[in-house]
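Biologist: Before we talk about labels, please put the sequence and the model on the screen, and then I will ask how each label was reached.

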Amino acid sequence: MKVSGGWNPLKLYCYRCVSTHPGCATPFNWLWYWGEICPEADDKCVKIIERKGAIGSEIPDCAVYIVSHSWNAGVVSAETMITRECLSSVRSVRTDIPADHYEGCRPAAKDVRLAHYVNNTIKELDIRRDYYDETTWCFCYFDNRCNDATPTASSVGLLALCVLYAMTLL
């Protein structure tokens, strides 16, 4: 089947943005990002969640302007960077991709060869990629635009509304 221009049902669509862009953090605003076609045929959507500092403690008031609040099981992290992308696009620049690319979330792999022979005193250059304390990779490929903020919560809510509506019709 050859589809020319416009929407292609045979391709995977993923959101492609970084949480420093408006509407890409939590909560995610899908009206700003409609999704883009991933370049490879067997691609996967990826959401990379990187957290830094102040886990389980209060955030100082002076740091509110740089803080991105993220609630995860009741734990507040001081700084969170979320990247939504196709796996083929980040494969060339990231070395911490987990070996297991199946559906679900897992911690980042540790690259022991990264910056092994480097003696750099400029700490702003994150050559060892150790600025963030925790990095989590979430993979999905069964649905288009599946790397949004909370796919399970919205799906469960929509399912509950549909069931309630169907029960009122009976």
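**Disulfides and a pocket**

Modeller: To begin with one pair, Cys 17 is buried, as is Cys 24, where buried means under 20% relative accessible area, exposed over 50% and partly exposed in between, with a 1.4 Å probe and protein chains only. This is a predicted model, in which local features need pLDDT of at least 70 and side-chain atom pairs pLDDT 80 or more, while totals for chains, interfaces and linings use all residues. Residues are numbered from 1 along each chain as its sequence is written, and side-chain values use heavy atoms, leaving out hydrogens and water.

Biologist: What makes Cys 17 and Cys 24 a disulfide?

Modeller: Their sulfur atoms lie 2.0 Å apart, and a disulfide is a pair of cysteine sulfur atoms within 2.5 Å, so the pair qualifies.

Biologist: Why is the disulfide of Cys 17 and Cys 24 called right-handed?

Modeller: Because the torsion about its S-S bond is about 75 degrees; for Cys 38 and Cys 86 the torsion is about -80 degrees, so that disulfide is left-handed.

Biologist: Why does Cys 38 count as buried?

Modeller: Its relative accessibility is 2%, so Cys 38 counts as buried, and Cys 86, at 0%, is buried for the corresponding reason.

Biologist: How do you know that Cys 140 and Cys 146 are joined?

Modeller: Their S to S distance is 2.1 Å, and the link is right-handed, with 90 degrees about the S-S bond.

Biologist: How many disulfides does the structure hold?

Modeller: It holds five, and with the bonded cysteines numbered in sequence order the pairing is 1-5, 2-3, 4-6, 7-8, 9-10.
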